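Biologist: Please take a close look at one part of this model, the helical part, and then place it in the rest of the chain.

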Amino acid sequence: MISIQQKHQLPVPSGLLQVSRLPQSFSMDGSAASTSSLVFPIYFSLIIPTFNERDSIEKMVAQLSQILDEVLPNDYELLIVDDNSPDRTWEYAQHLTDQYPNLQVMRRQQERGLSTAVIRGWQAARGEVVGVIDADLQHPPEVLLKLLEKIDRGADLAVASRHVEGGGVSSWSATRRILSRGAQLLGLMILPRVLSSVSDPMSGYFLVKRQAIAEIPLNPVGYKILLEVIGRGNIRQIAEVGYVFQEREVGESKVTWRQYKDYLHHLVRLRVDSGRLGHWGKQINFPVGRFIRFAFVGLSGLLVDMALLYFFYAILSFGLTRSAIFAGELAIVNNFLWNDRWTFKDLAQKQFGRQQTLKRFLKFNIICLMGLILKILLLNLLFNGFHLNAYLANFLAIAIVTVWNFWINLKLNWRVTQVN
Ligand code: GDD
Ligand code: MN
């Protein structure tokens, strides 16, 4: 039997972060339910991501419902996506569903993070138009009317902006203003097309037509979901509406240095995916971004190897072979740790546990050893067979073996069936 509390609790979609063209329902295990279960589309779904927002959520829901009941009676839904907040926002929000029938709550326990929370909400949404607003009353709800109007007039994306007429920040310190503008400037350098298409690319308050982002796998990092929508979406017409970013009345911002790091990471990822290399990679189904990380790790291993060889050979006066073996093995350990925690992090998380990690490490060792043998064979072939210059031959051999190592590790060690 379904309890009252669960009545308005939405299942959390799992798998790819991708919005379907038509609304879809999900089963409790997160998979898309069979097509036989019809989902009735509505006009508008607004996602309200929350993390410890118990004190502001009721006011927020009340204000939004009042506005939307008037302009879109029974043609909208509010979806709170809460990441299992310690203050139990999800539970509190569920109590509100009796009073607000257009409200539903999704409680995520497996995944975390603002951007993915928003996408999971959109995946479960029934709206033809989907949107997002902060839960802490810093985004004025009444601006929604203007945003809806822009969509109605043909925009694919309507963004609430602090940097157009009528927009601003209420009382930010000079430092925060500078940081905010600095981040925008950096973005302009790395990803000019995306950053220059709106005045406030950091905005977390916007609406977008479902069809503009449907069937496109999204892959954001951190806070700035709008970058993802503009960077990967199929957006032709963008409109902006000014708003004043309000001071927080209750609770606290979750922004830390981590968000700046994530932001940079996100910019670089979008850059790689949308650049020429990324397109070429997609065509031949080669994970370019992952390979670049793997190659960087390889470079770090080279430095570790050289430094340790010096340490064992010149400082500790070990024999050259013994020094080379120690240095080589420690470089392999270095590379393994970086690859496991960075290059293949997502895949490593799917095979967790100490034993699994040890298994990956041993396999990595074997693959590296085979790589070494392959390198020596190639070097000989290029040098003796093709009479190339020894250093050029060595360079080519290293390049080929790096690709080989990467591919074998991807397919046989960290293992991915569907290349992404
Ligand atoms: N589900 C979920 N998971 N929600 C989260 C998470 C998370 O990990 N982190 C934050 N949120 C929710 C918060 O509860 C809030 O409703 C909203 O996301 C924004 O978080 P804040 O921590 O209040 O962010 P902010 O006010 O400092 O930052 C905002 O800066 C922009 C202006 O540059 C952004 O969030 C933008 O939305 C905003 O426009
Ligand atoms: Mn906020």
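Modeller: A residue is called buried when its relative accessible area is under 20%, and exposed when it is over 50%. The model is predicted. Gly371 has 2% relative accessibility and therefore counts as buried. This glycine is found in helix 15, which covers residues 354-385. Leaving aside residues up to four places away in sequence, Gly371 touches Val401, Trp404 and Asn405. Of these contacts, Trp404 is 33 residues from Gly371 in sequence, while the two C-alpha atoms are 7.6 Å apart in space.

Helix 16 spans residues 390-413, and is among the elements against which the buried residues of helix 12 pack. The others in that set are helix 10 (257-274), helix 11 (276-283), helix 13 (320-343) and helix 14 (345-350). Helix 12 itself runs over residues 288-315, 28 residues in total. From first C-alpha to last it reaches 40 Å, close to the 40 Å expected at 1.5 Å a residue. Its buried residues are Val288, Arg290, Phe291, Phe294, Val297, Gly301 and Phe312. Just after helix 12, Ser317 takes a positive phi of about 55°.

As for the wider setting, the domain assignment gives domain 1 as 9-274 and domain 2 as 285-413. The C-alpha centres of the two domains lie 42 Å apart.

Turning to the strands, there is an open sheet of eight strands in the order 1-4-3-2-5-8-6-9, and its pairing is mixed. Strand 1 (9-10) and strand 9 (238-242) stand at the edges with a single partner strand each, so one side of each has no neighbour in the sheet. Strand 6 (residues 157-161) and strand 8 (residues 206-209) pair in the antiparallel sense over three bridges. Within strand 8, Val208 stands opposite Leu157. Helix 2 (residues 54-71) lies across strand 2 (42-50), strand 3 (76-82) and strand 4 (103-107), and runs at about 160° to strand 3.

The metal site remains. The manganese ion (ligand 2) is coordinated by Asp136 through OD and by Gln138 through OE1, at 1.9 to 2.0 Å. By the cut-off used above for Gly371, Asp136 counts as buried because its relative accessibility is 5%. Gln138, at 10% relative accessibility, counts as buried too.

Technical notes
Residues are numbered from 1 along each chain as its sequence is written. Chains are lettered from A and ligands numbered from 1 in the order in which they are written. This is a predicted model: local features need pLDDT of at least 70, side-chain atom pairs count only at pLDDT 80 or more; totals for chains, interfaces and linings use all residues. Side-chain values use heavy atoms; hydrogens and water are left out. Donors are N, O and S atoms within 2.8 Å of the metal (3.2 Å for Na, K and Ca); water is not among the atoms, so sites may look incomplete. Buried means under 20% relative accessible area, exposed over 50%, partly exposed in between (1.4 Å probe, protein chains only). Domain bounds come from an automatic or database domain assignment. Two strands pair if DSSP finds at least two bridges between them. Helices (H or I, at least four residues) and strands (E, at least two) are DSSP runs, numbered from the N terminus. Contact means heavy atoms within 4.5 Å. Axes are lines fitted to C-alpha atoms, for helices over the stretch in contact, and angles run from 0 to 180 degrees between N-to-C directions. The expected span of a helix is 1.5 Å times one less than its number of residues.
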